[in-house]
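Work through the exercises below with the sequence and the model open. Try each task before reading its solution.

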Amino acid sequence: MDVEAVRDLDGDRALLPRVVLSEAEQRVLAALPAARTPAAFTRYWARKEAVLKATGDGLTVNPADLTVSGPGTPAALLDWRGRQDHRAAFLPLADVAAGPDHRCAVAFLGPHPPGFRVVRHRLPDVRAAGAPPR
């Protein structure tokens with residue numbers, strides 16, 4: 001699972017799409033209106049990080065080797081350039097609602113279990129109920 005805050009792609013962050021996105025992903029991002037670019041990039045990044053965490057590869061793998069589905073489509077791992085094993089082909093990937101300023105994705109190894117779905121639970125804010133913060 002990965003959760004990322006949506007942030008502007010300025011300064012040092014402006015280079016990130018060219019470094020971590022595949023060519024196909026870069027083309028999709030470049031076609032979007034500038035106002036949608038930060039959220040779209042963050043969606044790509046959260047999906048890639050979820051995959052890399054699930055496989056245990058982390059950032060030892062170049063994220064640009066993975067191609068995930070575009071920000072306006074259901075989450076999916078579309079291609080993994082150079083990947084020799086086939087476990088990633090059975091990697092369920094899903095977006096999780098995380099509020100307007102965050103993007104979240106979850107992935108795990110293995111085929112979709114029967115009835116697979118992501119459920120979001122809201123926990124009560126105990127601070128609002130008068131409990132001291134921890």
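Three exercises follow, on a helix, a core and a loop residue.

This is a predicted model, in which local features need pLDDT of at least 70, side-chain atom pairs count only at pLDDT 80 or more, and totals for chains, interfaces and linings use all residues. Residues are numbered from 1 along each chain as its sequence is written, and side-chain values use heavy atoms, with hydrogens and water left out.

**Exercise 1.** Check the span of α3 against its number of residues.

Solution. Helices are DSSP runs of H or I with at least four residues, and strands are runs of E with at least two, numbered from the N terminus. The expected span is 1.5 Å times one less than the number of residues. For the 19 residues of α3 this gives 27 Å, and the end C-alpha atoms are 27 Å apart, which agrees. Just after α3, Gly56 has a positive phi of about 85°.

**Exercise 2.** Find which element gives the most residues to the largest nonpolar core.

Solution. Such a core is a set of buried Ala, Val, Leu, Ile, Met, Phe, Trp, Tyr and Cys residues joined through side-chain atoms within 4.5 Å. Among its 23 residues, Phe41, Val51, Leu66, Trp80 and Leu93 touch the most other members. At least two residues each come from α3 (37-55), β2 (66-68), β3 (77-80) and β5 (102-107). The element sought is α3, with 8 residues.

**Exercise 3.** Is Ala14 buried, partly exposed or exposed?

Solution. Buried means under 20% relative accessible area, exposed over 50%, and partly exposed in between (1.4 Å probe, protein chains only). Ala14 has 33%, so Ala14 is partly exposed. Ala14 sits in the loop between β1 (2-5) and α1 (16-20).
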